Amino acid sequence: MVTAARSFASPRSVRHLGPNWYATVMGTAVVATAGAALPPHVPGLRPALAAVWVLSLALLLTLLCARAVHWAHHRDQARAHLLDPATAPFYGCLAMALLAVGAGALGAGREVIGLRAAVALDAVLFTAGTAVGLAAAVAVPYLMAVRHRAEPGQATPVWLLPLVAPMVSAAVGPLLVPHLPPGQARETLLLTCFALFGLSLLATLLLLPLVFARLLTGGPLPLALTPTLFLVLGPLGQSTTAAGAFADVAPGVVPAPYSEGFGVLAVLYGVPVMGFALLWFCLATAHVWRARRHGMRFAMTWWSFTFPVGTCVTGAEALARHTGLVAYAGPAVVLYAVLVLAWSAAAAGTVRGLVRGELLAAPGPAPAVPRPATARTTSGAAR
């Protein structure tokens with residue numbers, strides 16, 4: 001944290017700080033959120049998760065300040081980020097960072113700040129994150145259509161980021177339902193989250209075929225982009241988490257038979273979607289293994305290993321609650337171990353890159369002849 005604060009201390013140092021850096025907040029917050037819902041009760045786990053959530057909050061505040069400095073002193077670069085088809089989708093990460101930290105406040109942060117403060121903080125961050133997420137879900141596809149002129153062969157999982165943000169709102173919004181007055185307020189929030197679920201799900205279903213077709217017909221992604229294949233897990237795990245969250249709070253909030261319908265949805269939707277998530281997890285792991293053998297090195301895209309895997313943890317936890325099956329509780333624990341290892345690797349690489357001054361340096365010149373190696377966008381993200 002101290003290293004990050006020093007790196008972002010001056011306006012000059014943040015010139016190449018892109019919105020992709022919010023992925024560090026998302027990946028850190030989900031470690032706390034997913035751990036708080038694990039079936040086993042491990043001694044000492046709650047204080048550790050609370051500490052991780054505090055770290056995610058500190059990272060969020062640091063990056064918000066650094067990005068404000070970036071917009072104030074480097075507006076040309078900020079505009080370039082919006083007009084860069086490889087960077088603009090990362091604006092969805094801002095929304096998801098706000099939402100992830102807000103949800104973590106109720107899941108793990110209340111151990112530190114108390115329930116009342118946690119509810120207030122989550123309400124503020126949920127409102128802000130949802131507004132930013134909806135704006136990104138409209139603005140980024142619009143820019144891609146009228147300014148970026150992207151080709152189908154350029155499709156990558158990064159394009160999913162602004163479309164997944166409303167699904168994160170749908171998954172974390174139900175946490176606030178019990179804290180609202182009974183009646184209209186609770187039902188309105190629940191159905192609003194359900195609408196966000198549909199918005200994100202249908203948009204994702206439109207885009208996923210492009211990503212899959214690009215992978216099958218265009219060959220493997222560039223080495224540094226290979227970790228972004230894990231981003232596909234985000235909408236899968238998060239939508240399963242959302243369906244489970246609807247079922248958790250629906251009784252007494254919406255009338256029958258709709259309340260029972262949410263319980264049915266949690267299982268009949270979540271089971272097949274998590275099945276596809278397992279398939280994609282194996283496919284993405286195989287591609288990453290190949291990329292490592294071909295020389296893939298650390299890049300900020302390694303944070304793709306964290307938040308998407310975390311959503312699969314929470315999705316498996318939701319299915320374990322609603323089915324009572326150890327077949328889902330067990331994988332949730334295993335996936336959480338994978339999440340912690342992935343977070344450790346991404347965090348270590350980020351700290352090392354900041355200390356060396358590599359991650360915030362200006363992008364190097366592109367090679368004259370394209371080759372399967374790392375290249376950097378205006379944000380410092382690899383592509």
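The legends below describe close-up views of a predicted model.

**Figure 1. Overall view of the predicted protein, an assembly of twelve helices and zero strands.**
Along the sequence, the elements follow the pattern α-α-α-α-α-α-α-α-α-α-α-α. The C-alpha atoms occupy a box of roughly 65 × 45 × 45 Å along the principal axes. The radius of gyration is 20 Å, which agrees with the value near 21 Å for a compact globule of 383 residues. Of these 383 residues, 52% count as buried. Contacts between residues at least 6 apart in sequence are dominated by long separations, since 81% of them join residues at least 24 apart. The accessible surface comes to about 16,500 Å², and carbon and sulfur atoms account for 70% of that surface.

**Figure 2. Confidence of the model and the segment 365-383.**
The average pLDDT of the protein is 89, and 91% of the residues score at least 70. Over residues 365-383, by contrast, pLDDT stays under 50. For this segment the model has 48 contacts beyond four places in sequence.

**Figure 3. The salt bridge between Arg46 and Glu111.**
This pair is one of two salt bridges in the structure. The closest N and O atoms of Arg46 and Glu111 are 3.2 Å apart. The pair links distant parts of the chain, with Arg46 in helix H3 (residues 45-73) and Glu111 in helix H5, 65 residues apart. Arg46 is partly exposed, with a relative accessible area of 29%. Glu111 also falls in the partly exposed class, at 48% relative accessibility.

**Figure 4. The nonpolar surface patch of Val54, Val112 and Ile113.**
The three residues together make a patch of about 210 Å². Val112 belongs to helix H5, which spans residues 91-113. With a relative accessibility of 48%, Val112 counts as partly exposed, because that class covers values between 20% and 50%.

**Figure 5. The salt bridge between Asp248 and Arg321.**
Here the closest N and O atoms are 2.6 Å apart. The bridge joins distant parts of the chain: Asp248 lies in helix H9 (residues 233-249) and Arg321 in helix H11 (residues 307-323), 73 residues apart. Asp248 is partly exposed, at 38% relative accessible area. Arg321 is likewise partly exposed, at 44% relative accessibility.

**Figure 6. The cis peptide bond from Ala256 to Pro257.**
Omega for this bond is near 10°. Most peptide bonds, in general, are trans. Pro257 is placed in the loop between H9 and H10.

**Figure 7. The surroundings of Gly270 in helix H10.**
Helix H10 comprises residues 258-293. Gly270 has a relative accessible area of 0% and is therefore buried. Beyond its neighbours within four places in sequence, Gly270 is in contact with Thr240, Leu265 and Leu319. Leu236 stands 34 residues from Gly270 in sequence, and their C-alpha atoms are 8.7 Å apart.

**Figure 8. The surroundings of Phe194 in helix H8.**
Helix H8 runs over residues 184-218. Phe194 counts as partly exposed, at 31% relative accessibility. Apart from neighbours within four places in sequence, the contacts of Phe194 are with Phe246, Phe262 and Leu265. Leu265 is also among the contacts of Gly270. From Phe194 to Gly173, 21 residues away in sequence, the C-alpha separation is 9.6 Å.

**Figure 9. The surroundings of Phe305 in the loop between H10 and H11.**
Phe305 is buried, with a relative accessible area of 13%, because the buried class takes in values under 20%. When neighbours within four places in sequence are set aside, Phe305 is in contact with Pro227, Phe230, Val288 and Ala342. The C-alpha atoms of Phe305 and Arg110 are separated by 27 Å, and the two residues are 195 apart along the chain.

How values were computed
Residues numbered from 1 in each chain as written. Predicted model: local features only at pLDDT ≥ 70, side-chain atom pairs only at ≥ 80, totals over all residues. Heavy atoms only, no water. Patch = residues over 30% accessible without salt bridge, like charges linked within 9 Å, V, L, I, M, F, W, Y side chains within 5 Å. Areas by Shrake-Rupley, 256 points an atom, 1.4 Å probe, with all protein chains shown as cover. Salt bridge = Lys/Arg side-chain N within 4 Å of Asp/Glu carboxyl O. Helix = DSSP H or I, 4+ residues; strand = E, 2+ residues; numbered from the N terminus. Buried < 20%, exposed > 50% of the residue type's maximum accessible area, 1.4 Å probe, protein only. Rg over C-alpha atoms; globule rule 2.2 N^0.38 Å. Contact = heavy atoms within 4.5 Å. pLDDT = per-residue confidence, 0-100.
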